[in-house]
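Dear colleague,

Please find below the structure that I am handing over to you. My findings follow directly after it.

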Amino acid sequence: MAHINTFADIPIHVDTPPPSGGLALAMTLLHELHTMLQTLFDTGQNGILDLRALPPLGEEGYQFLKEKLGRGEVSARIESFGRSEIQETAYSGIWWVTHYNQDDDVLTELIEVNFLPELLKSPRDDVKVGQVRLGKLLNELAETM
């Protein structure tokens, strides 16, 4: 009886080519964000990736990065000299921050690695102004009550 080779015993390894272009850059950014999160956790040092200052991701790389980072539970919208939107990603400590001009064009798009985005922190001088204003209100209320 003749032996028929079915190739069943020959191992097959499929090599997947590495991603190219925007996908390769998006993967690099994900690795960088992972390192930045570790640094934030270990030292408290925050970091920012400015997507407009990097080589172009292209639509495919951009969408891949947005999809892989996902959306978290926290978001904020700020109206001041144009709109700013802050969206926590699915990974605590990574925030997607987009600034728009008054015509609603994107000015900057950042991925910020921080416990709290810098834009949401009250500047020290503003806190002092708030404290003084609240003091005045309390004095006025004390005089009328």
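V106 is partly exposed in this predicted model: its relative accessible area is 30%, which lies between the 20% limit for buried and the 50% limit for exposed residues. The residue belongs to strand β5. Leaving aside residues up to four places away in sequence, V106 is in contact with R52, T98, H99 and Y100. One of these, R52, is 54 residues away along the chain, yet the C-alpha atoms of R52 and V106 are separated by 9.8 Å.

Strand β5 pairs with two strands that may be taken in turn. With β4 the pairing is antiparallel and extends over seven bridges; within it, I94 has V113 of β5 as its bridge partner. The hairpin formed by β4 and β5 has five residues between the strands, and D104 in this hairpin adopts a positive phi near 70°.

The pairing with β1, residues 47-50, is also antiparallel and comprises four bridges. Here I48 is the bridge partner of E112 in β5, and L49 stands opposite I111. Which residues of β1 are buried, and which are not? G47 and L49 point to one face and are buried, whereas I48 and D50 point to the other face and are not buried. In a regular strand, side chains alternate between the two faces of the sheet.

I turn next to helix α2, which covers residues 58-69. Its 12 residues, at 1.5 Å a residue, should span 16 Å, because the expected span is 1.5 Å times one less than the number of residues. The C-alpha atoms at the two ends of α2 are 17 Å apart, which agrees with that expectation.

Where do the buried residues of α2 lie around its axis? The residues concerned are G61, L65 and L69. They cover an arc of only 55° around the axis, and therefore lie on the same side of α2. E59, E60 and E67, on the other side of the helix, are exposed. The buried residues of α2 pack against three elements: α1 (21-43), β4 (94-100) and β5 (106-113). Strand β5 thus appears both as the partner of β4 and among the elements that the buried side of α2 packs against. Just after the helix, G70 takes a positive phi of about 65°.

With kind regards

Conventions:
Residues are numbered from 1 along each chain as its sequence is written. This is a predicted model: local features need pLDDT of at least 70, side-chain atom pairs count only at pLDDT 80 or more; totals for chains, interfaces and linings use all residues. Side-chain values use heavy atoms; hydrogens and water are left out. Buried means under 20% relative accessible area, exposed over 50%, partly exposed in between (1.4 Å probe, protein chains only). The arc is that of the directions from the helix axis to the C-beta atoms. Contact means heavy atoms within 4.5 Å. Two strands pair if DSSP finds at least two bridges between them.
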